[in-house]
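Reader: I have a structure open in front of me and would like to learn how to read such a thing with care. Could we go through it together, one feature at a time?

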Amino acid sequence: MLRMLLAASATLLAAACTPPATEEPAPGDMADMDMNAPAAAGPIEGSGTVTAVDAAAGTVTLNHGPIAAIEWPAMTMQFTAADPAMLQGVEVGDAVTFEIKSAEESQVLSAIREN
Ligand SMILES: [Cu+2]
């Protein structure tokens, strides 16, 4: 039963991390878009605390604050570094500022630095 609950939470977390902007726009919608809107462009900045890091795998888990540009609430989730070398020197407990590559690749970090 516990296993089922954990699986359900993981599914909910994944859903929360999927920005609605990835849906295909209906024909004609492009004309109404503000192409200069920050939400449409990457990278997207966020901040948080490192809760796990695997430099060899190129992954880092962050407890991040809300990210308005992609309508994310605060949560803890795993990201993949665009370049694993970015994670050298990143340690659990570090307070960091990071950049998400784009709304479409929202679980890829293009930058991370300790505050
Ligand atoms: Cu998240």
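Author: We will take confidence, then the strands and their pairing, then the core, and finally a single loop residue.

Reader: How much of the chain reaches a pLDDT of 70 or more, and which stretches fall below 50?

Author: Where pLDDT is low, the predicted coordinates should not be read in detail. This is a predicted model, and the mean pLDDT of the protein chain is 79, with 64% of its residues at 70 or more. Residues 4-12 have a pLDDT below 50, and beyond near neighbours in sequence this stretch makes zero contacts in the model. Residues 20-26 are also below 50, although that stretch has six contacts beyond its near neighbours in sequence.

Reader: Which pattern of helix and strands does the protein chain follow along the sequence?

Author: The protein chain has one helix and five strands, and their order along the sequence is α-β-β-β-β-β. Of the contacts between residues at least 6 apart in sequence, 55% join residues at least 24 apart.

Reader: How do the strands pair, parallel or antiparallel?

Author: Strands of a sheet pair through backbone hydrogen bonds, either parallel or antiparallel. Here the five strands form a closed barrel in the order β1-β2-β3-β5-β4, with mixed pairing, and neighbouring strands are turned by 50 degrees against each other on average, direction ignored. Strand β1, residues 44-54, is joined to β2, residues 59-64, by six bridges in the antiparallel sense, and A52 stands opposite T61 in β2. These two strands form a hairpin with four residues between them, and G58 in the turn has a positive phi of about 75 degrees.

Reader: What joins β4 to β1 and to β5, and where does T97 fit in?

Author: Strand β1 and β4 pair in the antiparallel sense over six bridges, while five bridges join β4, residues 95-100, to β5, also antiparallel. T97 has a place in both pairings, being the bridge partner of S47 and standing opposite R113 in β5.

Reader: And how does β3 run against β5, parallel or antiparallel?

Author: Strand β3, residues 75-81, runs parallel to β5, residues 108-114, and two bridges join them. In this pairing T80 stands opposite V108, and A81 has L109 as its bridge partner.

Reader: Which residues have the most contacts inside the largest nonpolar core?

Author: In soluble globular proteins, nonpolar side chains tend to be buried together. The largest nonpolar core in this model has 17 residues, and V60 and L109 have the most contacts inside it. Each of β1, β2, β3, β4 and β5 supplies at least two residues of this core. Not counting residues up to four places away in sequence, L109 touches F79, A81, A82, M86, F98, E99, I100 and K101. Across the protein chain of 115 residues, buried residues make up 18%.

Reader: Is V92 buried or exposed, and which residues is V92 in contact with?

Author: V92 is exposed, because 11 other C-beta atoms lie within 10 Å, and the cut-off for exposed is 12 or fewer. Its place is in the loop between β3 and β4. Leaving aside neighbours within four places in sequence, V92 is in contact with V50, T51, A52 and V53. The C-alpha atoms of V92 and T61 are separated by 9.0 Å, although these residues are 31 apart along the chain.

Technical notes: Residues are numbered from 1 along each chain as its sequence is written. This is a predicted model: local features need pLDDT of at least 70, side-chain atom pairs count only at pLDDT 80 or more; totals for chains, interfaces and linings use all residues. pLDDT is the predictor's confidence in each residue, from 0 to 100. Two residues are in contact if their C-beta atoms, placed from the backbone, lie within 7 Å. Two strands pair if DSSP finds at least two bridges between them. A nonpolar core is a set of buried Ala, Val, Leu, Ile, Met, Phe, Trp, Tyr and Cys residues joined through C-beta atoms within 7 Å. A residue is buried if 20 or more other C-beta atoms lie within 10 Å of its own, exposed if 12 or fewer, and partly exposed in between; C-beta atoms are placed from the backbone. Axes are lines fitted to C-alpha atoms, for helices over the stretch in contact, and angles run from 0 to 180 degrees between N-to-C directions.
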